[in-house]
Amino acid sequence: MINVPVCIIGCGPIGLAGALLLARFGVRSLVVERRDEVNTHPRSRFVDTNTMELMRFLGLEKAVEGTGLGPDWTEYNRWFSTLTGQQIAAIPSPTFHTVPRNTSPTMPVMTCQDYVEHILLGEARANERVELRYRTEALEVTQDADGATVVVRDLDSGQESAVRADYALGTDGPHSSVREAIGSALETAPLATFSQDVIFEADLSEYVAGRKGGLLYNAAPSGMLVFQPLNGVTRWRCQIPKADPEPLTQAETIARIREAVGTDDEVPISITSTGMWQPTPGCVDRLSRGRVFLAGDAAHISVPTGGMGNNIGFAGIRNLAWKIAYVLKGVSPPGILDTYHVEHRPIALERVATGVHTTECMARIFFAFYAGQETSEAVRDTAQYADYDGVLLGFELESALIAKNPEPPPAVNNPTRDFVPAVRAGRRAPHVWVDERRNWSVLDWFGMEYALVGGASVAAGRWREAVRRVAENAGFPVCWQQLPGPDAAPYDPFGLALVLRDGIIADWWSDADVGDSHVEARLRERLPLRESVSTG
C-alpha cells in the first residue's frame, strides 16, 4: 500500500499545476498518467491573464512567455476568402494580445499546450514533493470517511498496487474515469458538427506576410478552415469542420489546406498528427463527492472558440489546491472544501457559455459570406471573440468564505467585454505596482497565506498587531501588507481588504468603521479557522 496525502489522476497541465501548487503549500502528491509522454497534439493554445498570474506565482511566467508567438501574431484575428485572397474582417483581439496592460503584472500568451506542459513537467520532476508515474493506469477509485483508495496498474509490468490518499483529484480529461467512479454527471449540449484537428509542418511565411493573426479563418470553396500558428514559423494547426465523424484522408487533408492557402504552388506540407472530435460543451453537476474532486476537462468542457478550456481548469485547480492544503495541515475545517464547487462551477458555466455564444456569432460571418450577403453586422457581433476581459477579470465569487457586498458592482456597457477594476468581495484583487521600477505587484503578496492589505492612510499598528496575534494564537497563516502610497486606486487609502491565498478578496472595510476593541474580531470573523463551526 502506497500512502500519500493527495493522489492526482491525470498528468496533463491541470494535474501538473495542482501538484506544483500543493508542493508550494508543503503537501506531497503522487501523479499517475497512462500516457508515456507529454501530449504532442496540443488542443489548447491560449494562456490567459489569470493563468499567467498563476504561472508568475509558480515562478514560470517568463518561461511560458518565452514560448509565445509575440504581439505581431496576437493583435488581430482575421477572416479571409482564402489566406491569399480577400480579407473579410480583421477583428482586434485585446484579450489575446501579448502587450503590457494596466490590469495585470503579466501578459497573456498565445502558445501551445505541449510547450506549457513541458515547462510544468520539468518543474514537477525537480520537486521532491511531487512523484510522477507515467504509463500507470488508475483502475479503480473508491473512498470512505477517512480517505480514498486508488488501484493503479503499471502498464509495462502489469503489476497492480493500491494507493491510499487523504484526497484524490481527477484531472484525467473529458473521458474521465474518476468522474464516472464518483457518479458525477457531465451535462453537455453537443454541437451539430464535427471537426478534424490537424497538426502539420509547412512554410506559409510568404502567404501570411502582413496578414498575421492568432486565428486565420478561411471561407474556401470546399468549406471553412481555420489556421492556427503554433510556433510562428513552420508548425501549424488547422481545424476542418465536418458534418460527420469520418476523417479526411491525408491526401484530402493536404488538398484542403492548399485550397485554403489559395495558391497553386506545391507547398510542402507534412502532417504530424490528426484527430476527430465533436464539440461537447458542458459541466458536471458536482465538482466533488466526499474526498474525490474533479478539475480541468474532467469537470467541464469548453468549445475551442475563445481559448477558455485549459484556463478554466487552471482557475479551478488554483481555487482548490490551497483549500486541500489548509485542511491537511489542520489550519481550516474540512467544510471549506465545499466552497470549491460553490465558487468555481458558476465561473465554469459562464465561460463555457461565453465560448458557445462566440462560436455562434463567428459562424454568422461565414453564413453571410457564402450567401453573398453583407458581413459587417456579423463581424460586429463577433467582436467579443478575443475581447472578453469582463468575463475573465470582472467575475465575482460567492461562498461562505466571502462576504456579501453592500453595493452592486460597477456598471459597464458590455459585461462580456468591459472590465472595471474594483475592490469588492469575491473579486480578483486589483493589480497595482508597489515599487517605482514596476517589478512588484500587489498580486505578488498573495499565494502563500491570507493577506490583510491596508491603504496607505490606515492606522497600521493595530491591524499589524491583530494579524500577529491571530497568526500566533490560532496558528492561521495570515500576513499584513500596506500599500506604499495614496495613489493606489481602486484601493481606498483608508480601506482594508482581506485577500484569500488565490488572490480573491474575501472582505473589505474601512479602517474608521472598526474600533480598537474589535480589530481582532473583525479579522477573525472572515478567516476559516479550524474552530469554526461551519463554512458551508
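**Exercise 1. Place Cys-283 in the predicted model and decide whether it is buried or exposed.**

Step 1. Cys-283 belongs to strand S17, which covers residues 282-284. The model is a predicted one.

Step 2. The relative accessibility of Cys-283 is 2%. Buried means under 20%, so Cys-283 counts as buried.

Step 3. Once neighbours within four places in sequence are set aside, the contacts of Cys-283 are Ala-185, Leu-186, Glu-187, Ala-299, His-300, Arg-345, Ala-348 and Leu-349.

Step 4. For a distance along the chain and in space, take Asp-297: it is 14 residues from Cys-283, and the two C-alpha atoms are separated by 8.8 Å.

**Exercise 2. Find the loop that holds Ser-222 and describe what Ser-222 touches.**

Step 1. Strand S13 (216-220) and strand S14 (223-229) are the elements on either side of the loop with Ser-222.

Step 2. Ser-222 has a relative accessible area of 48%, which means that it is partly exposed.

Step 3. Beyond residues up to four places away in sequence, Ser-222 touches Arg-256 and Glu-259. With Glu-259 there is a polar contact between the two side chains, at 2.9 Å.

Step 4. Arg-256 is 34 residues from Ser-222 in sequence, while the C-alpha to C-alpha distance is 7.4 Å.

**Exercise 3. Compare the span of helix H8 with the expected value, then locate its buried residues.**

Step 1. H8 has twelve residues, 250-261. From its first C-alpha to its last the helix reaches 17 Å, close to the 16 Å expected at 1.5 Å a residue.

Step 2. The buried residues in H8 are Thr-253, Ile-254, Arg-256, Ile-257, Ala-260 and Val-261. Viewed down the axis of H8, they fall within an arc of 160 degrees, so they line one face of the helix.

Step 3. A general point helps in reading this list: an α-helix has 3.6 residues a turn, so residues three or four places apart point the same way.

Step 4. Packed against the buried residues of H8 are strand S12 (194-201), helix H7 (205-208), S13, S14, strand S15 (235-242) and strand S16 (270-277).

Step 5. After H8 comes Gly-262, with a positive phi near 85 degrees.

**Exercise 4. State how many cavities of 30 Å³ or more there are, and describe the lining of the largest cavity.**

Step 1. The count is two cavities of 30 Å³ or more. The largest cavity holds about 70 Å³ of space.

Step 2. Its lining consists of Pro-13, Ser-44, Arg-45, Phe-46, Val-47, Thr-111, Cys-112, Gln-113, Val-116, Asn-310 and Phe-314. Strand S3 (46-47), helix H5 (113-125) and H9 are the elements that give two or more residues to this lining.

Step 3. Take Ser-44, in the loop between strand S2 (29-33) and S3. Ser-44 is buried, because its relative accessible area is 14%. Residues up to four places away in sequence aside, Ser-44 touches Thr-111, Cys-112, Gln-113, Arg-237 and Asn-310.

Step 4. Turn to H5: its 13 residues should span 18 Å at 1.5 Å a residue, and the end C-alpha atoms are 18 Å apart, which agrees. Among the buried residues of H5 are Gln-113 and Val-116.

**Exercise 5. Describe the second largest pocket and name the element that gives the most to its lining.**

Step 1. The volume of the second largest pocket is about 510 Å³.

Step 2. This pocket is lined by 30 residues; nearest its centre lie Asn-50, Glu-53, Arg-318, Asp-502 and Gly-503.

Step 3. Two or more lining residues come from each of helix H2 (49-57), helix H9 (309-328) and helix H10 (338-370). H2 gives the most, with six residues.

**Exercise 6. Examine the backbone at Arg-135, Arg-438 and Pro-490.**

Step 1. Start from the general rule that most residues other than glycine have a negative phi, and most peptide bonds are trans.

Step 2. Arg-135, not a glycine, has a positive phi of about 50 degrees. Arg-135 sits in the loop between strand S7 (130-134) and strand S8 (136-144) and is partly exposed at 29% relative accessible area.

Step 3. For Arg-438, also not a glycine, phi is positive at about 60 degrees. Its loop runs between helix H12 (389-393) and strand S21 (450-454). With a relative accessible area of 57%, Arg-438 is exposed.

Step 4. The peptide bond joining Ala-489 and Pro-490 is cis, with omega about 10 degrees. Pro-490 is in the loop between strand S22 (478-482) and strand S23 (495-499).

Key. Residues are numbered from 1 along each chain as its sequence is written. This is a predicted model: local features need pLDDT of at least 70, side-chain atom pairs count only at pLDDT 80 or more; totals for chains, interfaces and linings use all residues. Side-chain values use heavy atoms; hydrogens and water are left out. Helices (H or I, at least four residues) and strands (E, at least two) are DSSP runs, numbered from the N terminus. Buried means under 20% relative accessible area, exposed over 50%, partly exposed in between (1.4 Å probe, protein chains only). Contact means heavy atoms within 4.5 Å. A polar contact is a pair of N or O atoms within 3.5 Å; within protein, one must be able to donate a hydrogen and the other to accept it, and residues adjacent in sequence count only if both atoms are side-chain atoms. The expected span of a helix is 1.5 Å times one less than its number of residues. The arc is that of the directions from the helix axis to the C-beta atoms. On a 1 Å grid over the protein atoms alone, a cavity is a set of points where a 1.4 Å probe fits but cannot get out, and a pocket is an open set with protein on both sides within 12 Å along at least five of seven lines; lining residues have an atom within 4 Å of a point. Grid points are joined across faces, edges and corners, and a volume is the space filled by probe spheres set on the points.
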